[in-house]
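I opened this model to look up a few local features and note them down. The entries follow the order in which I went through them.

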Amino acid sequence: MLETICDTLVEAYKRNWITSRDGNVSIRHHDRDHFYITPSGVRKQTMQPDQFKKIKLIDNISAVPPFMTESWQEEFYTDISEKLKPSGELPLHFGLQKKMGQHSNDVRVVVHLHPTYCIAAMHAGIELNSLAEDFPELSRYTKVAPNVGDVPPISEELAYECHQNLRLDKDGFIAYDIVGIKGHGVVAIDTSPWRAFEHIERLEHICQIVLASGKIL
Ligand SMILES: [Zn+2]
């Protein structure tokens with residue numbers, strides 16, 4: 001599936017949903033104690049599977065509350081990836097990959113991109129969560145979380161706010177498929193790279209329609 005992630009990034013680049021070095025994706029299989037994440041700063045339209053970073057999940061057990069906390073460490077994957085750093089949005093991905101919630105018997109893919117019309121709609125003051133009322137086709141397949149406000153990129157704050165708005169719980173369950181970050185992008189989650197991509201595509205299409213209508217507020 002790493003190759004499929006590369007294909008989705010090529011498609012995202014073609015659609016102008018990212019510039020060359022933007023965007024990041026992680027993937028975890030439920031029976032593995034590690035996940036893969038795109039490296040920082042590489043050109044996503046020429047990204048290769050051997051460039052991914054392998055991140056091992058570790059349980060830290062202590063004698064004091066909360067007794068168990070999770071953390072991560074980088075593991076060797078390939079010679080090429082060894083020279084690269086993981087995406088700066090690693091805290092965002094880690095929070096969503098450490099427990100898999102409704103995807104506990106499957107695969108979880110987390111995709112972060114910068115789709116044009118989603119970002120334009122949030123910039124125009126549209127709450128993406130409210131679009132479901134006027135566009136039932138959107139809510140049939142994609143549950144949209146309330147927007148995350150202005151938070152700095154690659155920050156713990158961005159990760160925390162996205163987790164909060166997706167209603168991520170301690171077992172990894174999420175109540176939504178996608179969340180928008182104002183002035184920045186979106187994060188979508190599903191069981192395959194293309195399924196996560198489709199949440200973004202669906203929301204992007206509706207945002208394009210709304211902006212074309214000129215009826216914004
Ligand atoms: Zn971003």
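I started just past the end of helix 7, where R167 follows with a positive phi, near 55°; helices here are DSSP runs of H or I with at least four residues, strands are runs of E with at least two, and both are numbered from the N terminus. I kept in mind that this is a predicted model, in which local features need pLDDT of at least 70 and side-chain atom pairs count only at pLDDT 80 or more, while totals for chains, interfaces and linings use all residues. Residues are numbered from 1 along each chain as its sequence is written, and side-chain values use heavy atoms, with hydrogens and water left out.

**Helix 7 and its cover.** I asked which residues of helix 7 are buried, taking buried as under 20% relative accessible area, exposed as over 50% and partly exposed as in between, with a 1.4 Å probe and protein chains only. They are L158, A159, C162, H163 and N165, and their cover includes helix 3 (90-97), strand 6 and strand 7. Helix 3 and helix 7 pack at an angle of about 35°, their axes 8 Å apart; the axes are lines fitted to C-alpha atoms, for helices over the stretch in contact, and angles run from 0 to 180 degrees between N-to-C directions. The crossing of helix 3 past helix 7 is right-handed, meaning that the near helix is turned clockwise from the far one by less than a right angle, whereas anticlockwise would be left-handed. Contact, defined as heavy atoms within 4.5 Å, is made by P91, L92, G95 and L96 of helix 3 with E156, L158, A159, C162 and H163 of helix 7.

**N147.** I found N147 in the loop between helix 6 (136-141) and helix 7 (156-165). Is N147 buried or exposed? It counts as buried because its relative accessible area is 19%. A polar atom of the N147 side chain lies 3.0 Å from the backbone oxygen of I126. Leaving aside neighbours within four places in sequence, N147 is in contact with residues including I126, N165 and G180.

**Zinc site.** The protein donors of the zinc ion are the NE2 atoms of H112, H114 and H184, at 2.0 to 2.1 Å; donors are N, O and S atoms within 2.8 Å of the metal (3.2 Å for Na, K and Ca), and water is not among the atoms, so the site may look incomplete. Along the chain I read the spacing H-x1-H-x69-H. H112 in strand 5 (residues 107-113) and H184 in the loop between strand 6 (178-181) and strand 7 (185-190) are 72 residues apart, a pair that links distant parts of the chain. Both H112 and H184 are buried.

**Helix 8 and its partners.** Helix 1 (residues 2-14) and helix 8 pack at about 25°, with axes 9 Å apart, and are therefore roughly parallel to each other; the cut-offs are under 35 degrees for roughly parallel, over 145 for roughly antiparallel, 65 to 115 for roughly perpendicular and the rest for oblique. Helix 4 (residues 116-123) packs on helix 8 (residues 193-213) at about 50°, with axes 8 Å apart, which makes helix 4 oblique to helix 8. Helix 4 passes helix 8 in a left-handed crossing.

**R195.** I last looked at R195, which lies in helix 8 and counts as partly exposed because its relative accessibility is 45%. Its side chain makes a polar contact with that of D190 at 3.1 Å.

How values were computed:
A polar contact is a pair of N or O atoms within 3.5 Å; within protein, one must be able to donate a hydrogen and the other to accept it, and residues adjacent in sequence count only if both atoms are side-chain atoms.
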